[in-house]
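Charged side chains can pair up in a folded chain. Where are such pairs found here, and which parts do they link?

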Amino acid sequence: MKTKLIVNPMANKGNCGKRWRQILSELEKHLGPVSSADVAMTRAPGHATALAQEAVSAGYQRLVSVGGDGTFSEVMNGVISDDRLIAPDLVLAQLPGGTSNELCRSFGQLSLGEASKAIAMGHTRNVDVFRADARGYGGGQVTRYGFVLAIVGAAATISWRAQRVPLLKRLGPISYVLMTAFTSLTYNPRAYRIRIDDEAEQSLQMWSLMLCSFDGAGEGLMLAPGADPADRKLDLIMVGDLGHWEALTQIVPRLGDGSYLAHPKVSRRHASRISIDSDTMVRADVDGESMGQLPMSVTMLPFHLKVAAVNRP
């Protein structure tokens, strides 16, 4: 199978680039020699999307994202157009080189050896894809395809704050810990208008809302334990009207094992479509990248993405 490697050398604070030779060596143990013509290095945010499009146009049948979930998401966005895969039989894969490698973690292949073996064996798993539309910071509509989660409210604010300050971004996961504490003590719940599938619109006061396809997200978070990434449904988690101290002491410490879901102000259900709006400015985030603000709509797409995985369903 003709394979293209798309490498983000800046993933995991630049460690992916420093370890590239080691990563390549491990992959070649299982896949065989890799030509330099089959490797492309990203040079800027969003570049992986263009590289993925070019690779498919050149006849590549398998794209390997070397980086974290953000890099994989960029690659995925390069192979979907008008809510359809541009090459239906395309296989995507992730080699864990980022801070968060949810695809590899969920399928039990977080080591380079296991991930490389999955690629070489040719087995695949199906993964859902959703479309998110939101208002960009420039005012126009922004569309992004996601595979891990879409978040709004406090959770999206934490992500945005952790990434916008260069010093904090270099700290990696620690930046999220710092911003989570700060946001919990300063962020006030917002009034939302929400429509879930074909149900009537609801008006709710909430701290945050999360739409999860996988059970985990980020570094060490278990947001939706048991979530099935191929059931064509998103786990909708709504965190209600929390006070600052309540958020910091009863929600945040329990995000790592999912026990926050037992809080009486937290609800969980399935959804295939959701639209959400607010009269105040609320940030929106997809797969760890800030895409803008409300209004936002999220829709599960009617196809699966094939990804390399050792485990079988």
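The paragraphs below go through some of the salt bridges in this structure.

The model is predicted. It holds 12 salt bridges.

Begin in helix α6, which covers residues 112-121. Here the side chains of Glu114 and Lys117 form a salt bridge, with 3.3 Å from N to O. The two residues are three apart in the helix, so about one helical turn separates them. Glu114 is partly exposed, at a relative accessible area of 28%, and Lys117 is partly exposed as well, at 32%.

The next pair is Glu199 and Arg269, whose closest N and O atoms are 2.7 Å apart. This salt bridge links distant parts of the chain, since its partners are 70 residues apart. Glu199 sits in the loop between β10 (190-196) and β11 (202-206), while Arg269 belongs to strand β16 (residues 266-271). Glu199 has a relative accessibility of 31% and counts as partly exposed; Arg269, at 29%, also counts as partly exposed.

A third salt bridge joins the side chains of Glu246 and Lys265, at 3.1 Å from N to O. Glu246 is in helix α10 (residues 244-251) and Lys265 is in the loop between α10 and β16, so the bridge ties together parts 19 residues apart in sequence. Is Glu246 buried or exposed? Its relative accessibility is 18%, and because the cut-off for buried is under 20%, Glu246 counts as buried. Its partner Lys265 is partly exposed, with a relative accessible area of 36%.

Finally, salt bridges can share partners: Asp83, Arg131 and Asp133 are joined in this way into one network.

Note on methods:
Residues are numbered from 1 along each chain as its sequence is written. This is a predicted model: local features need pLDDT of at least 70, side-chain atom pairs count only at pLDDT 80 or more; totals for chains, interfaces and linings use all residues. Side-chain values use heavy atoms; hydrogens and water are left out. A salt bridge is a side-chain nitrogen of Lys or Arg within 4 Å of a carboxyl oxygen of Asp or Glu. Helices (H or I, at least four residues) and strands (E, at least two) are DSSP runs, numbered from the N terminus. Buried means under 20% relative accessible area, exposed over 50%, partly exposed in between (1.4 Å probe, protein chains only).
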